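This report describes the fold of a single protein chain, from its overall layout to selected contacts. The sequence and the model are shown first.

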Amino acid sequence: MNARNTTGVPSEGMRRRRFLTTAALGGATIVGASALGGLDADAAFAAEPSLDPAIAKSSFVEGRITGITGSVLEVAGSSGGHARVQMTNVTSVWKIRPATAEAIEVGDGLYARGVPMPDGTVAADAVWVNIVNLDTTIRGIAKNRVHLAHGRHEVVGNILTDTGASYAGRGLTSDLSRLRIGQSAQVLGAWRPSDDSVDVVRISVGH
């Protein structure tokens with residue numbers, strides 16, 4: 001992700017590895033996502049840099065939250081496993097936009113990145129709640145929603161006041177008027193467990 005530089009100044013990737021090593025081996029402080037590489041929606045899908053040899057890898061947890069005990073999230077993985085995610089005072093939370101741990105609810109989907117602890121929990125530096133990244137086809141367009149096909153599934157995309165669109169790889173714009181029925185679209189957003197719709201953060205066409 002970040003190539004080694006020749007200026008004598010540690011690269012961003014090197015600084016992230018150093019922070020992560022300190023968190024895992026020192027045991028006293030878990031750093032936040034700003035040190036490890038961001039908490040925006042794209043960061044959830046970014047490739048991780050290689051880590052310090054003292055750490056085999058950072059840990060990732062995904063699944064459905066089945067319980068919350070204090071600052072620990074109980075998570076049932078989609079493949080059948082179970083994990084426990086420890087929230088800390090520096091854990092960054094994304095739920096459509098930057099949020100706090102209070103926004104997390106039982107039943108939410110979760111994708112977490114963090115440091116494995118000796119007791120088997122994962123101390124999270126960043127948690128993305130209900131995040132989805134879908135390849136879709138636009139089937140209908142209304143004022144406050146778009147109707148999408150994702151494989152065999154029909155998905156309603158809720159248009160928010162800050163929903164952005166990207167056309168042919170260009171920068172984000174608030175102008176959604178160029179969306180057309182039949183276009184292939186990548187949708188980044190947050191799933192609503194209550195009705196299975198998706199709040200659209202970004203919709204990209206012609207990418």
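Which pattern does the chain follow when read along the sequence? It follows α-α-β-β-β-β-β-β-β-β-β-β-β-β, with two helices and 12 strands in the chain. The model is predicted.

**Overall figures**

The chain has 207 residues, of which 44% count as buried. Its accessible surface is about 11000 Å², and carbon and sulfur atoms hold 52% of that area. Among the contacts with a separation of 6 or more, 54% link residues 24 or more positions apart.

**Strands β8, β9 and β10**

The pairings of β9 are listed below.

| Pair | Sense | Bridges | Residues between the strands | Bridge partners |
|---|---|---|---|---|
| β8 (residues 131-141) and β9 (residues 145-150) | antiparallel | four bridges | three residues | I138 and L148 |
| β9 and β10 (residues 153-167) | antiparallel | six bridges | two residues | L148 and V155 |

L148 thus appears in both rows: it stands opposite I138, and its bridge partner in β10 is V155. Both connections are hairpins, the one joining β8 to β9 and the one joining β9 to β10. In the latter hairpin, G151 adopts a positive phi near 60°.

**Nonpolar cores**

The largest nonpolar core comprises 16 residues, and those with the most contacts inside it are I138, L148, L179, V187, V198, I203 and V205. At least two residues of this core come from each of β8, β9, β10, β11 (184-191) and β12 (198-205). A second core, separate from this one, has 15 residues, including V122, A124, V127 and V129. In soluble globular proteins, nonpolar side chains tend to be buried together.

Which residues does I138 contact, leaving aside its neighbours within four places in sequence? They are H147, L148, L179, R180, I181, G182, Q183, A185, I203 and V205. Of these contacts, L148 is also the residue opposite I138 in β9.

**The surroundings of V75**

V75 lies in strand β2 (residues 72-76). Is this residue, V75, buried or exposed? V75 counts as buried because its relative accessibility is 1%, and the cut-off for burial is under 20%. Not counting residues up to four places away in sequence, V75 touches V61, E62, G63, R64, T66, G81, H82, A83, V85 and L110. V75 and V106 are 31 residues apart in sequence, and their C-alpha atoms are 9.4 Å apart in space.

How values were computed
Residues are numbered from 1 along each chain as its sequence is written. This is a predicted model: local features need pLDDT of at least 70, side-chain atom pairs count only at pLDDT 80 or more; totals for chains, interfaces and linings use all residues. Side-chain values use heavy atoms; hydrogens and water are left out. Buried means under 20% relative accessible area, exposed over 50%, partly exposed in between (1.4 Å probe, protein chains only). Contact means heavy atoms within 4.5 Å. Accessible areas come from the Shrake-Rupley method with a 1.4 Å probe; for residues, only the protein chains shown count as cover. Two strands pair if DSSP finds at least two bridges between them. A nonpolar core is a set of buried Ala, Val, Leu, Ile, Met, Phe, Trp, Tyr and Cys residues joined through side-chain atoms within 4.5 Å.
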